[in-house]
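Take a look at the chain below. The walk-through starts with a single side chain and then widens its view.

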Amino acid sequence: MNRRSVFFRLSAIAALGLAMLPRSIVAQPGTLRQQLVGGWTLVSEETTAQNGTKEQPYGPNPRGILILDASGQYATVRARPDRPKYKSSSQPTADELVAARAFGANFGTWSVSEADKTLTLHLESALRPNNEGTDFKASVSLVENELKLSGVIPATGVSGEAVYRRAR
């Protein structure tokens, strides 16, 4: 075997090896903003009230999605999966409406500060009207395909941490 064919075989083996690596091992290229673009599935969310009380507002196994598009628009929806169904689809009772409140949704624009690794969501519209027009600023931790957002909700002063996994 000559040197040339050995080189090509080794190159082919190396390329095949790299192609077989999980995507999470290969470094994410680009800026933090570029890395955040896409769809994210909610894994967990925990809030801490000003008195120190901790809560999982959407339960231990929440459902949810965060979509950050390249143009700077975002949408997020979160829900508790065990919310009871209404007994009557035409007119829920007051208790049924209270039980169904374990649901959150908002949309608007987003930006990133590369310097301090923060994500700011500007809530244009929200299920809870008091949140409309506010900015939610969160510290960002991004490791492989796990995104952790930590911040304080301006309308309530409640701090929260949400963990997302990149949607596939």
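Is Arg78 buried or exposed? Arg78 is buried, because its relative accessible area is 11% and the cut-off for burial is under 20%. Keep in mind that this is a predicted model.

Arg78 has a charged partner. It forms a salt bridge with Glu45, and the closest N and O atoms are 3.2 Å apart. The pair ties together distant parts of the chain: Glu45 belongs to strand β1, Arg78 to strand β4 (residues 73–79), and 33 residues separate them. Glu45 is buried as well, with a relative accessible area of 13%. So both ends of this bridge count as buried, Glu45 at 13% and Arg78 at 11%.

How many salt bridges are there by this rule? The count comes to four. One of them joins the side chains of Glu46 and Lys54, at 3.9 Å from N to O. That distance passes, because the rule asks for a nitrogen within 4 Å of a carboxyl oxygen. Glu46 is partly exposed, at a relative accessible area of 35%. Lys54 is exposed, at 55%. Another bridge links Asp82 and Arg80, with 2.7 Å between N and O. Asp82 is exposed, with a relative accessible area of 52%. Arg80 has 28% relative accessibility and therefore counts as partly exposed.

Now go back to strand β1, which spans residues 38–48. Trp40 lies in this strand. Its relative accessibility is 0%, so Trp40 counts as buried. What is Trp40 in contact with, leaving aside its neighbours within four places in sequence? The list includes Gly64, Ile65, Leu66 and Leu68. Further along the chain, Leu142, Asn145 and Leu147 are also among the contacts of Trp40. So are Tyr164, Arg165, Arg166 and Ala167. Gln35 is on the list too. Thr76 offers a distance check: Trp40 and Thr76 are 36 residues apart in sequence, and their C-alpha atoms are 9.3 Å apart in space.

One of those contacts of Trp40, Ile65, leads to the surface. Ile65 is found in strand β3, residues 63–68. Its relative accessible area is 34%, so Ile65 is partly exposed. Which residues join Ile65 in a nonpolar surface patch? They are Ile67 and Val77, and the patch covers about 200 Å².

Next, the aromatic side chains. The structure holds zero aromatic pairs. A ring does meet a charge, however. The charged end of Arg33 sits over the ring of Trp110, 4.6 Å from the ring centre.

Finally, step back to the whole chain. Its secondary structure comes to three helices and nine strands. Along the sequence, the pattern reads α-α-β-β-β-β-α-β-β-β-β-β. The chain has 168 residues, and buried residues make up 29% of them. Its accessible surface is about 10,900 Å². Carbon and sulfur atoms account for 56% of that surface. Consider contacts between residues at least 6 apart in sequence: 45% of these join residues at least 24 apart. The bridge between Glu45 and Arg78 spans 33 residues.

Key
Residues numbered from 1 in each chain as written. Predicted model: local features only at pLDDT ≥ 70, side-chain atom pairs only at ≥ 80, totals over all residues. Heavy atoms only, no water. Patch = residues over 30% accessible without salt bridge, like charges linked within 9 Å, V, L, I, M, F, W, Y side chains within 5 Å. Areas by Shrake-Rupley, 256 points an atom, 1.4 Å probe, with all protein chains shown as cover. Helix = DSSP H or I, 4+ residues; strand = E, 2+ residues; numbered from the N terminus. Buried < 20%, exposed > 50% of the residue type's maximum accessible area, 1.4 Å probe, protein only. Phe/Tyr/Trp six-rings, centres within 6.5 Å; stacked < 30°, edge-to-face > 60°. Lys NZ or Arg CZ within 6 Å of the ring centre and 35° of its normal. Contact = heavy atoms within 4.5 Å.
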